[in-house]
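My notebook is open, and today I'm going through side-chain contacts. Here is what I'm looking at.

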Amino acid sequence: MRIKGFAILAAATLLLLLATGCWNRQELNELGIVVAMGIDRDGDRFRVSVQVVQPGEVAAKSGGQSLRSPVAMYEASGRTIFEALRKMTTVSPRKIYASHLRVVVIGEALARQGIGTALDFLQRDHQVRSDFYLMVAKETTASSILNVLTPMERIPANDLYASNATAEKAWAPIFGITLGKFVTDLGSDGKQPVITGIGLNGDAEEGSNTRNVERIRPAAELQFSGMAVFRKDKLVGWLNEEESKSYNFILGNVRSTLENQSCPNGGELALEIIRTKANVKGHVRRGEPQVEIRLRVEENVGEIQCRIDLNKTAVVDELERRSEDRLREAMSKTIRKMQTEYQLDIFGFGQAIHRADPAAWRRLKRDWDRNFADMQVKLDVKTVIDRVGTINQSFLSKLEE
Amino acid sequence: MNSTALNAVLEANIAALREKLNNSGDLIVREFLIGSSAPAGAALFFIDGLADSHSIHQFILEPLMLQGASPMASGASLPGRLKDSLLTVGQIGEIRSLDELAESILSGKAALLLQGWDFGFEIAMAGWERRNVSEPTNQTVVRGPKESFTENLRTNTALIRRKIKDPALTLEERKIGRRTKTAVAMMFIQGIASDSVVREVRQRLDRIDTDAILESGYIEEFIQDEKITVFPTVQNSERPDSVAAALLEGHVALIVDGTPHVLVVPALFIQFMQASEDYYQRSDIGTLIRIIRYIGLFIALFGPALYIAITTFHQEMLPTQLLISLAAQREGVPFPAFIEGLMMEITYEILREAGIRMPRAVGQAVSIVGTLVIGQAAVEAGIVSPAMVIVVSITAISSFVVPQFNMSISIRILRFPLMALTASFGMFGLFIGGFALLLHLSGLRSFGVPYMSPVGPFHTGDLKDVILRAPHPSMRKRPSLLGKRNPVRQSRRRGGGRR
């Protein structure tokens with residue numbers, strides 16, 4: 001009896017296997033693995049370009065590398081992003097598979113018109129994760145950014161991803177913005193979003209050729225530059241390097257960077273910032289919003305081009321004080337620029353106020369841009385120099401004796 | 001059984017036995033006279049090759065024919081005198097029927113019948129060719145005893161007795177198989193083994209009614225719990241030390257004449273993951289090896305299925321670089337991953353089977369061809385991807401870290417349905433399969449003991465010997481479900497060393 005029941009169950013299960021038709025099954029060599037996507041404006045439509053990996057050209061293989069490009073680029077236009085992607089099957093032999101998307105580049109023209117409509121697909125589609133980096137193509141189109149072959153990393157998207165991640169750790173003006181982070185800021189009342197900018201240097205035409213990576217110095221290069229400032233989903237302006245740096249200091253995004261400074265008696269010196277801690281605290285005093293930014297910075301002396309005696313505590317103290325002044329000045333300049341020029345709270349001061357005094361925030365947020373422009377910002381910067389490197393005195397001091 | 005009584009006339013008995021054995025050529029009948037003054041007719045029966053002819057000459061024929069001549073003590077009958085003073089042999093029994101006569105000489109004994117008496121003697125004279133105790137071939141160890149059971153029942157019971165010199169170690173013997181009359185010995189330690197288990201084993205053995213038992217595998221299939229399962233619920237071992245350890249935990253051992261594989265019941269899942277060496281190496285080493293073994297079990301069971309699931313359904317789970325390199329390997333491979341995996345697995349199973357079955361002399365040729373088929377050539381021809389070769393190879397190797405061969409076969413069988421499930425449903429299928437397996441395992445019993453104990457039902461105290469191998473001083477108690485009649489193994493005091 002039991003054997004009979006078992007047999008029937010087994011037969012039913014076997015039939016079930018046929019019925020599935022291997023639902024959603026895709027072999028690895030049927031996937032067009034998209035690593036980068038570019039979105040531009042094309043009249044009233046979207047122009048979507050994707051960078052698809054050619055696995056055979058990228059994977060480590062013995063016997064040298066072939067001359068074919070490691071990635072292929074497909075472009076298509078559509079009223080919706082989805083339409084454009086599906087339309088690509090008319091030229092691509094494989095279906096677009098976007099789970100491994102690493103970078104999405106948005107053309108500056110589209111960014112100025114607003115990117116809200118473009119981002120819905122990226123958030124909604126089940127294949128796409130939200131942990132890729134968003135970038136804005138500065139003064140060019142997304143498609144031309146994706147059209148450049150890069151040395152070191154054979155896949156240009158990986159190059160963008162990796163250099164963004166590396167710069168984020170070692171160079172304060174750059175900070176990677178993922179889709180998740182951008183959308184969170186977009187949806188928040190007290191903070192306006194920013195996106196990393198990516199620029200193209202050199203000969204764009206030559207950059208798309210494999211010759212570009214055969215040269216010792218590529219004809220075209222991709223370079224990160226500053227942050228794009230958004231009012232809601234529309235790009236309104238750019239922060240330069242100095243301003244981007246201040247922005248990241250205020251938000252506590254800086255892990256390590258360096259800071260140039262002039263010596264007390266002329267010449268330059270560089271301080272390596274090894275640790276920072278930022279804290280933004282909001283208050284509402286007599287109805288007026290205020291924030292206080294506390295920044296704690298630990299530094300090492302990295303390079304000296306002048307005669308100073310680091311054995312003296314007073315000298316080190318002096319360096320600390322100058323560094324504090326400089327940081328404070330740069331930050332307040334950036335804040336002032338946002339307050340006066342854009343009236344745009346990219347720093348999240350509104351959120352700090354919201355946390356500190358929710359009741360007052362409900363009143364303030366109605367006209368937050370104005371309130372932001374008028375608000376008082378206190379800066380409390382403290383830096384500590386820990387180490388001076390492996391030598392004390394620069395040999396310069398001996399040269400001049 | 002129709003049991004014809006022996007006749008008082010010697011010639012009639014000889015004729016009857018000849019007829020019963022169909023005049024077999026190896027039946028030796030030696031007729032001779034005992035004594036010289038008043039000679040009494042006698043006949044000695046044995047099977048050439050089963051009985052030791054040298055001993056027969058020395059211990060039966062010589063005393064009877066030479067010393068039998070000495071004056072007969074008054075009053076004593078001839079059989080009594082034979083038994084009491086003439087036969088210088090340890091084991092002597094009486095036989096009264098023709099069937100007994102046939103059975104005793106077929107078991108290698110010599111039988112002595114006398115003219116004028118309707119009974120005779122069987123004399124233990126077994127002396128056939130046998131293999132020496134040698135190193136175990138399947139369950140090898142780096143550290144630990146290097147002896148294994150042989151085909152001889154007596155040798156095997158002696159090997160166990162030599163390890164446990166306890167009067168409570170009980171041995172019950174019975175003959176199973178109408179034609180083979182195979183001796184089966186059941187060993188357990190009175191006072192440790194649970195009565196219900198011993199009774200159950202006894203009953204199941206008595207229920208066997210077959211004509212032949214040639215190996216302990218026959219017994220295993222007759223006595224195992226009647227549930228459809230691929231998992232073994234009877235353990236077998238060729239190592240006296242592991243059988244002795246099992247007896248001390250309260251298991252029952254079944255030793256079958258003619259095979260070096262001794263059965264141990266009840267058998268729990270964890271026993272199949274324990275090797276005797278775990279207990280001979282220090283406990284930290286033992287624990288590490290156990291953990292490795294469970295990882296091996298996981299890979300052997302789920303390896304190819306997991307690979308198929310991830311590469312055909314869940315590519316997003318792979319790191320990008322890995323995905324690209326796997327995709328590159330699959331460029332130009334014509335089959336879906338499932339078919340590819342199935343092909344490689346089946347090829348491997350064929351190779352493995354060939355490796356066991358082939359004549360030793362052609363071994364080298366087969367292994368060369370085998371490595372080519374399963375490796376380089378198949379990849380270079382573009383039939384399979386290198387990654388799949390890696391997966392199949394690591395799976396194959398992993399299945400061998402399971403110390404019990406019959407468990408590793410079960411795992412191999414299960415691999416295929418799991419692969420089919422994941423090829424159709426991805427991870428979802430894998431989990432369904434995994435849970436079904438877990439449910440099935442939890443429902444199994446071996447001689448009334450839950451198969452998954454002490455994990456399910458859960459016994460905290462017994463977990464010292466599942467994934468961990470606790471140091472011996474801290475394993476104070478026997479496994480609670482088996483050895484509960486005498487739970488304590490040792491006193492709390494630790495052994496030597498500084499206190």
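**Disulfides.** I count two cysteine sulfur atoms as a disulfide when they lie within 2.5 Å. My search of the whole structure, over all chains, turned up one. A:Cys263 pairs with A:Cys306, and their sulfurs sit 1.8 Å apart. I looked up the twist too: the torsion about the S-S bond of A:Cys263 and A:Cys306 is about -70°, so this disulfide is left-handed. The pair links distant parts of the chain, 43 residues apart: A:Cys263 is in the loop between β11 (257-262) and β12 (268-285) of chain A, and A:Cys306 is in the loop between β13 (288-304) and α12 (313-342) of chain A. Helices (H or I, at least four residues) and strands (E, at least two) are DSSP runs here, numbered from the N terminus.

**Ground rules.** This is a predicted model, so I note that local features need pLDDT of at least 70 and side-chain atom pairs count only at pLDDT 80 or more, while totals for chains, interfaces and linings use all residues. Residues are numbered from 1 along each chain as its sequence is written, chains are lettered from A and ligands numbered from 1 in the order in which they are written, and side-chain values use heavy atoms, with hydrogens and water left out.

**Buried or exposed?** Are A:Cys263 and A:Cys306 buried or exposed? Both are buried. That label means under 20% relative accessible area; exposed means over 50%, and partly exposed is in between (1.4 Å probe, protein chains only).

**Aromatic pairs.** Rings of Phe, Tyr and Trp (its six-membered ring) pair if their centres lie within 6.5 Å; planes under 30 degrees apart are stacked, over 60 edge-to-face, and the rest tilted. I get 15 aromatic pairs over all chains. In one of them, A:Phe182 meets A:Phe230 edge-to-face, 5.5 Å centre to centre with 80° between the planes. A:Phe182 is in helix α8 (residues 179-187) and A:Phe230 in strand β9 (residues 220-231) of chain A, 48 residues apart. Both A:Phe182 and A:Phe230 are buried. Next I tried A:Phe349 and A:Phe372: their ring centres are 6.0 Å apart and their planes at 45°, so I call the pair tilted. Ring pairs also link A:Tyr247, A:Phe347, A:Phe349, A:Trp361, A:Trp368 and A:Phe372 into a cluster.

**Charge over a ring.** This needs NZ of Lys or CZ of Arg within 6 Å of the ring centre and within 35 degrees of the ring normal. The charged end of A:Arg41 sits over the ring of A:Phe46, 4.9 Å from its centre. In chain B, B:Arg204 lies over the face of B:Phe447, 4.2 Å from the ring centre.

**Salt bridges.** I need a side-chain nitrogen of Lys or Arg within 4 Å of a carboxyl oxygen of Asp or Glu. There are 46 salt bridges over all chains. One of them joins A:Arg296 and A:Asp380, whose closest N and O atoms are 3.3 Å apart. A:Arg296 lies in strand β13 and A:Asp380 in strand β14 (residues 376-387) of chain A, so the bridge ties together parts 84 residues apart in sequence. A:Arg296 is partly exposed at 27% relative accessibility, and A:Asp380 is partly exposed at 26%.

I checked chain B as well. B:Arg239 and B:Asp241 meet in a salt bridge at 2.9 Å, N to O, and both B:Arg239 and B:Asp241 are buried. Shared partners join B:Glu345, B:Glu349, B:Arg352, B:Glu353, B:Arg357, B:Arg412 and B:Arg415 into one salt-bridge network.
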